[in-house]
Amino acid sequence: MNALDGGEMGDFFKGKNVLVAGGTGFVGTAFVQAVLDAGANVTTTVHRRKPIVTDPRLKTVEADLGDREQARAAMKDQEIVFHCAGAVSAAGVTASNPMEPITDNLKLTAMVLEAAWKTGVERIQVFGSSTAYPVTEHPVREEEMWSAEPHPSYFGYGWMRRYIERMAEFVHERSKTKVVLVRPTATYGRHDDFHPVTSHVIPALIRKAVERMDPYEVWGTGDEVRDFLHVDDLARGCLLATEKYATCQPINIGYGKTSTVREIVEAILRAADYSDAKLVFNSDRPTTIPKRMVDISKAREILGFEPQRTLEEGLADTVRWYAETRRREAA
């Protein structure tokens, strides 16, 4: 499915100069394809890896966005920037070095925002995070962010994301650059990170299923509740927000429905034809908040956003892609 399917996208991006910062990664790849499909003149930064998208229309610029001058050079003559660069914060990473994603993301985002301001970028989309929300027993709304602390498992990372939002507000209020502030939920899809140490929950579970892990170990109890969104829907939602809501007011982009990790496991095992796996739930391994649900009514009302991929379809597609990728690499 194309990231722009659904008919909501008009001609806003057509002919505009758009930079996808971090467009060689998992999320950035989906954004690169989405803005290409929207008719933009697209450039992506290249630092440690090559772009996954090979479209001849795509331009590249070598840049370490953590370097002030390189970040400014990358944004020269760009009208819109999508900030998709950043460090991962999977449970395995935060358990071994919790400061790494905090430090890297703060520095990187500060440099990117500063560069956008100094080069006169018209609009920049940055990410907050659902990790910064306090604990709730209901789908959390945007205005509830500051009602309490983040969950203890997200204390450092969540406060870092809160501060990024404050930096974004400063840029939006003091400069001519308009900020689009999106709080995404947990995201998955093709080109995700499947590394055993740095992967998030869905790619980790897919890797174990495709590799026929026996017994099939799942971190946590399986009762954890999550809202999982396909990366193509995230990209589409962010393009809509950039077009319609460049106000620096936060907006949740999520699936709008929840599943338990156990339900996710069952769907992945069906897709991988491994339903007879011996399941072992290990609550001693690192996990995070027991329940996270996000309210996407604001995105529905303001953007007309609705997810296009069902969870079952998205998981099955990701399983097929990962299995095929492994076969090609092994050949």
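**View 1. Cys 248, a buried cysteine.** Cys 248 has a relative accessible area of 4% and therefore counts as buried (under 20% relative accessible area; exposed is over 50%, partly exposed in between; 1.4 Å probe, protein chains only). The closest cysteine sulfur, in Cys 238, lies 14 Å from that of Cys 248, too far for a bond. This is a predicted model, with residues numbered from 1 along each chain as its sequence is written. Local features need pLDDT of at least 70, side-chain atom pairs count only at pLDDT 80 or more, totals for chains, interfaces and linings use all residues, and side-chain values use heavy atoms, with hydrogens and water left out.

**View 2. Cys 84, without a disulfide.** The structure holds zero disulfides (a disulfide is a pair of cysteine sulfur atoms within 2.5 Å). Cys 84 is in none; its nearest cysteine sulfur, that of Cys 238, is 7.4 Å away. Cys 84 counts as buried because its relative accessibility is 14%.

**View 3. Helices H1 and H7 in contact.** Helix H1 spans residues 26–37; helix H7 spans residues 231–244. Helices are DSSP runs (H or I, at least four residues), numbered from the N terminus. H1 and H7 pack at an angle of about 55 degrees, with their axes 9 Å apart. Axes are lines fitted to C-alpha atoms over the stretch in contact; angles run from 0 to 180 degrees between N-to-C directions. H1 is therefore oblique to H7 (not under 35, over 145 or 65 to 115 degrees). The crossing is right-handed (near helix turned clockwise from the far one by less than a right angle). The contact (heavy atoms within 4.5 Å) includes Phe 26, Ala 30 and Phe 31 of H1 and Leu 234, Cys 238 and Leu 239 of H7.

**View 4. Asp 233 and Arg 236, a salt bridge in H7.** Their closest N and O atoms are 2.7 Å apart. A salt bridge is a side-chain nitrogen of Lys or Arg within 4 Å of a carboxyl oxygen of Asp or Glu. Asp 233 and Arg 236 are three residues apart in H7, so about one helical turn separates them. Both are buried.

**View 5. Arg 309 and Asp 317, a networked salt bridge.** The closest N and O atoms of this pair are 3.9 Å apart. Arg 309 and Asp 317 are both buried. Shared salt-bridge partners join Arg 190, Asp 232, Arg 309, Asp 317 and Arg 320 into one network.

**View 6. Lys 76 and Asp 77, an exposed salt bridge.** Here the closest N and O atoms are 3.3 Å apart. Lys 76 and Asp 77 are both exposed. The whole structure has 18 salt bridges.

Conventions:
Helix = DSSP H or I, 4+ residues; strand = E, 2+ residues; numbered from the N terminus.
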